[in-house]
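The following paragraphs lead the reader through one structure, starting from an open space and moving on to the interior and the backbone. Please keep the sequence and the model in view while reading.

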Amino acid sequence: MFKPPRFAVPGIIAEGVSVLAGAPKIGKSWLSLHLAVAVALGGKALGRIDVVAGDVLYLALEDTGRRLQNRLRKVLGDEPITGDLSRLTLETTCPPFPAGAAYIRAWLDERPDARMVIIDVFAKMRGNPPPGVSAYDADYSAVGFAKRIADDYGIAVVLVHHVRKMGSEDFLAEVSGTNGLAGASDAVVVLRRSRGSADGSLHVTGRDVDETEYALTFDPDRGLWEALDGPALDHLVGETRAVILDWVRANPGGGPKQIAEGTGLGYELIKKTVARMADDGQLVKADRGRYSVTPTAVPAVPTVPSAGQGVIEGVPAGVPIDEAVPDDPLGMAS
């Protein structure tokens, strides 16, 4: 019998290689650092997902030591630290593959309880492709270095990456580069800015994770992304659609007339909106114009205790946290 996959972040980051992609300046690095801290401390990821504590290597290859230290201070906040922060190793430099693979393996050899390695950003580690190799093969080969590390050590390796400038309804198609990146990875996680009441959404799909969408909100004072309660769809639509979803969920099978009467909205507005929502996959239209809400999964998460307290490894010395000056005053770099 094969063991079930081990999750660094249940429902989102499993062992193997996950590509975490998003547009520039959307907050990928804030999300990556938050996940690294949550796993190292054994706390809650995204504000509500309990994670098992383990060693984490976070390669912040686009940051300076000062910026990284300032970000860490914001993420930790003023609350007492619960957990062993010595499990978190922060580095701002690492050689590209294949030399980088040897560096990561050496770190893992000293930490049998390691659970996750984050490479932010992957472009800094992928190295130059051999002459004559196709772009697809080069992408597949670059991810392969990380894939072999993940499989050999049974850990999660997260590759932070960019998305294409042109958006797509299929979030997998947004990942920059060829299909070799998504093809060689075990999971793809795309961070998007979303309309509606949410600040963003996290789309997840992979071999060992169910396809799921989380609605997220960003706290710039803490540099934290948090998952919103309930189905993501409720947070990612406008006010009119949210009212319709709420009523139809409680009263499945209603037609436009019943929905209008139940919500107090105009019949013509309801008639046009529910048709568009059905086209967008937000509602399911049955016979005789009756509607129900498209099923969406909200993953259950386990509860994991945490304990202890420690120190930070890998942050360059000589810059007191209280004197750190943010290089990113808007708080949303990467």
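**A pocket, a helix and the interior**

In this predicted model, the second largest pocket has a volume of about 450 Å³. Twenty residues, written as 20 in the count, line the second largest pocket, and Leu41, Lys44, Val75, Leu76 and Arg222 are the closest to its centre. Sorted by class, the lining of this pocket consists of 10 nonpolar, 6 polar and 4 charged residues. Three elements, α1, α2 (65-76) and β13 (224-227), each contribute at least two residues to the lining. Among the contributors, α1 has the largest share, with 4 residues.

Helix α1 therefore deserves attention in its own right, and its surroundings can be stated plainly: 14 of its 14 residues are buried, so the helix is largely enclosed by the rest of the structure. From its first C-alpha to its last, α1 reaches 20 Å, close to the 20 Å expected for its 14 residues at 1.5 Å a residue. Just after α1, Gly42 takes a positive phi of about 70°.

The interior comes next. The largest nonpolar core has 49 residues, and those that touch the most other members are Ile12, Leu88, Met116 and Leu202. Helix α1, which spans residues 28-41, gives the most to this core, with 10 residues. Which residues does Ile12 contact, leaving aside its neighbours within four places in sequence? The contacts of Ile12 are Phe7, Leu46, Ile49, Val189, Leu202, Val204, Val209 and Tyr214. A second, separate core has 25 residues, including Met125, Ala142, Ile149 and Ala150.

Leu46, one of the contacts of Ile12, also has a backbone feature to note. Most residues other than glycine have a negative phi. Leu46 is not a glycine, yet its phi is positive, at about 55°. The residue lies in the loop between β4 (44-45) and β5 (49-50). Leu46 counts as buried because its relative accessibility is 1%, and the cut-off for buried is under 20%.

Lys25 likewise is not a glycine and has a positive phi, of about 65°. Its place is in the loop between β3 (16-22) and α1. Is Lys25 buried or exposed? Lys25 counts as exposed, because its relative accessibility is 55% and the cut-off for exposed is over 50%.

The backbone also holds peptide bonds of a less usual kind, since most peptide bonds are trans. Phe97 and Pro98 are joined by a cis peptide bond, with omega at about 5°. Pro98 is found in the loop between β7 (88-91) and α3 (99-109). The peptide bond from Asp120 to Val121 is also cis, and its omega is near 10°. Val121 belongs to the loop between β8 (114-120) and α4 (135-153).

A last stop is Asp55, which lies in strand β6 (residues 55-60). At 11% relative accessibility, Asp55 counts as buried. Leaving aside its neighbours within four places in sequence, Asp55 is in contact with Arg87, Trp107, Arg111, Asp113, Ala114, Arg115 and Met116. Met116 in this list is also among the residues that touch the most other members of the largest nonpolar core.

Technical notes
Residues are numbered from 1 along each chain as its sequence is written. This is a predicted model: local features need pLDDT of at least 70, side-chain atom pairs count only at pLDDT 80 or more; totals for chains, interfaces and linings use all residues. Side-chain values use heavy atoms; hydrogens and water are left out. A nonpolar core is a set of buried Ala, Val, Leu, Ile, Met, Phe, Trp, Tyr and Cys residues joined through side-chain atoms within 4.5 Å. Buried means under 20% relative accessible area, exposed over 50%, partly exposed in between (1.4 Å probe, protein chains only). Contact means heavy atoms within 4.5 Å. On a 1 Å grid over the protein atoms alone, a cavity is a set of points where a 1.4 Å probe fits but cannot get out, and a pocket is an open set with protein on both sides within 12 Å along at least five of seven lines; lining residues have an atom within 4 Å of a point. Grid points are joined across faces, edges and corners, and a volume is the space filled by probe spheres set on the points. Ala, Val, Leu, Ile, Met, Phe, Trp, Tyr, Cys and Pro count as nonpolar, Asp, Glu, Lys and Arg as charged, and the others, Gly among them, as polar. The expected span of a helix is 1.5 Å times one less than its number of residues.
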